[in-house]
There are 2 protein chains.
Amino acid sequence: MRILLADDHDLLRDTLAAFLQEKGGAYVATAGTLDEALQCAKGEALFDLLILDYNMPGMSGLAGLQKALDAKVAGGVAIVSGSAPSSVAQEAIKNGAIGFLPKTMSANSLLNAVRFMVAGETYFPVSLIAAEAEAHPLSLLLTGREKDVLNGLCRGLSNKEVALELDLQEVTIKLHVRSLCKKMEAKNRTHAAMMAKEQGLF
Amino acid sequence: MRILLADDHDLLRDTLAAFLQEKGGAYVATAGTLDEALQCAKGEALFDLLILDYNMPGMSGLAGLQKALDAKVAGGVAIVSGSAPSSVAQEAIKNGAIGFLPKTMSANSLLNAVRFMVAGETYFPVSLIAAEAEAHPLSLLLTGREKDVLNGLCRGLSNKEVALELDLQEVTIKLHVRSLCKKMEAKNRTHAAMMAKEQGLF
DNA sequence: GGGCAACCTATACCTTTGGATAGTTTTTAT
DNA sequence: ATAAAAACTATCCAAAGGTATAGGTTGCCC
């Protein structure tokens, strides 16, 4: 197995690389940024797997994933993240990643997942599928429109601006703000926005 | 060296434990929560060092640190975190921790830091002191009072409530809100609160 | 077709914020 | 000692937000 591991957390990168080498018998190259990873791969033979940290210099969300896929430096690209919501995991798979690795998984599970992916399969953690339902109670609590409005609040927009964006009347936005605040038990728009942010929504 | 490592990220915990064992020749016990760690230490001889993840079930900020210190299960307690602002690191040291380990440090550096702490010294990463200046521009940009007020905004409080809490007049709060919004280039209180949250302040 | 929930609009009223201007006191730095 | 920055208070006005009440449309399930 030839693996290229890119993560800006040196500690995790070093220890994980050592683990994959010793317990997995893999050859592991490492990088601290996306560009460094792509650069490092140039002089090398094709890697079996490229593991990218979702939060890393150069990634800027899933744009970095696309960049890595275009560079064709590995048989497949997997995203690893400790904090990204499951929606990101799904998007990653949709955009061509062959796996998503939450940092909460055990080292042995990860090794198994890596072997699975190197064998040509796509790995998606069951934990995220199960968590999906209750991960963001807000997703279930709020109606579609309310989530649209809440999104606006999270960007600090005024009711008028949200109305313009959604092509609605300002009064309607007020209505939605009120009802979403009630549902979330928030004191006001600011409170609601903070709660949404805390829950990783948007 | 006898080390007790508590982190809910199984992946980091496993790999780091293996690293400290193999490269550092340490005996390492591990736990996934604070309570588990304290429990696990009961049947054991005194540890040289207890490493606690700042974001971990049971920690609830630095309250968990105090709990661990009171339990006297190790010669010293160190906090490890990947995201906590440097203010937390400073508070941790003030509250009795003998070290703060950012997850961005390399595995070898960490091993050195661990040895340093086991030898009875207190470790504080230079990177945080250097980064302090630009890590949270807000910390320098805003005055003390403005940060107090911003804190209130982040909890969704009204000007009146903040005034009550800080024992000031409502007009004064308005003044601070306006000036902090200007400095942060935020459109309004909600926007300012979101920006603060995004930068990990509070 | 009736019932229901989400969604949209409207009117009216009051509260909260935002913004400007002005002045005092305290703290900090040179 | 003096200047500068931070902090607090005050008034005034306009804009935005929060609350209540009422009614209309659409789409869906039974």
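1. Start with DNA strand C in this predicted model. There are 18 residues around it, and the ones that come nearest are A:Thr143, A:Gly144, B:Ser158, B:Asn159 and B:Asn188. Both chains chip in here: H8 and H10 of chain A, plus helix H9 (159–166) and helix H10 (170–184) of chain B, each supply at least two residues of the surface near the strand. The largest share, 4 residues, comes from H10(B). If you like to sort by class, the count is 5 nonpolar, 7 polar and 6 charged residues.

2. Now DNA strand D. Here 18 residues surround the strand, with A:Ser158, A:Asn159, A:Asn188, B:Thr143 and B:Gln169 the closest. Two or more residues each come from H9 and H10 of chain A and from helix H8 (144–154) and H10 of chain B. H10(A) gives the most to this surface, with 4 residues. By class, the surface near strand D has 5 nonpolar, 7 polar and 6 charged residues.

3. H10(A) deserves a closer look. It covers residues 170–184, and at 1.5 Å a residue its 15 residues should span 21 Å; the end C-alpha atoms are 21 Å apart, so the geometry agrees with expectation. Its buried residues are A:Ile173, A:His176, A:Val177, A:Leu180 and A:Cys181. Viewed down the helix axis, these buried residues fall within an arc of 130 degrees, so they line one face of H10(A). On the other side you will find A:Val171, A:Arg178 and A:Lys182, which are exposed.

4. What sits over that buried face? The cover for the buried residues of H10(A) includes helix H8 (144–154), helix H9 (159–166) and helix H11 (189–198) of chain A. One backbone detail to check while you are there: just after H10(A), A:Glu185 takes a positive phi of about 60 degrees.

5. On to the packing. The largest nonpolar core has 92 residues, and the members that touch the most others are A:Leu52, A:Ala78, B:Leu52 and B:Ala78. Leaving out residues up to four places away in sequence, A:Ala78 touches A:Leu49, A:Ile51, A:Ala97, A:Ile98, A:Gly99, A:Phe100, A:Leu101 and A:Met117. There is also a second, separate core of 35 residues, and A:Ala192, B:Val149, B:Cys154 and B:Met194 are among its members.

6. Next, the contact between the two protein chains. It takes 29 residues from chain B and 29 residues from chain A. On the side of chain B that touches chain A, helix H1 (10–22), helix H5 (107–118), H8 and helix H11 (189–198) of chain B each supply at least two residues. H1(B) brings the largest share of that side, 8 residues. By class, this side of chain B has 13 nonpolar, 9 polar and 7 charged residues.

7. Last, a single residue: B:His191, placed in helix H11 of chain B. Is B:His191 buried or exposed? With 22 other C-beta atoms within 10 Å, B:His191 is buried, because 20 or more is the cut-off for that label. Setting aside residues up to four places away in sequence, B:His191 touches A:Gly156 and B:Ala186. For a distance to check, the C-alpha atoms of B:His191 and B:Cys181 are separated by 8.4 Å, and the two residues are 10 residues apart along the chain.

Methods. Residues numbered from 1 in each chain as written. Chains lettered and ligands numbered in written order. Predicted model: local features only at pLDDT ≥ 70, side-chain atom pairs only at ≥ 80, totals over all residues. Core = buried A, V, L, I, M, F, W, Y, C linked by C-beta atoms within 7 Å. Buried ≥ 20, exposed ≤ 12 C-beta atoms within 10 Å, placed from the backbone. Contact = placed C-beta atoms within 7 Å. Expected span 1.5 Å × (residues − 1). Arc of directions from axis to C-beta. Near = placed C-beta within 6 Å. Nonpolar A, V, L, I, M, F, W, Y, C, P; charged D, E, K, R; others polar.
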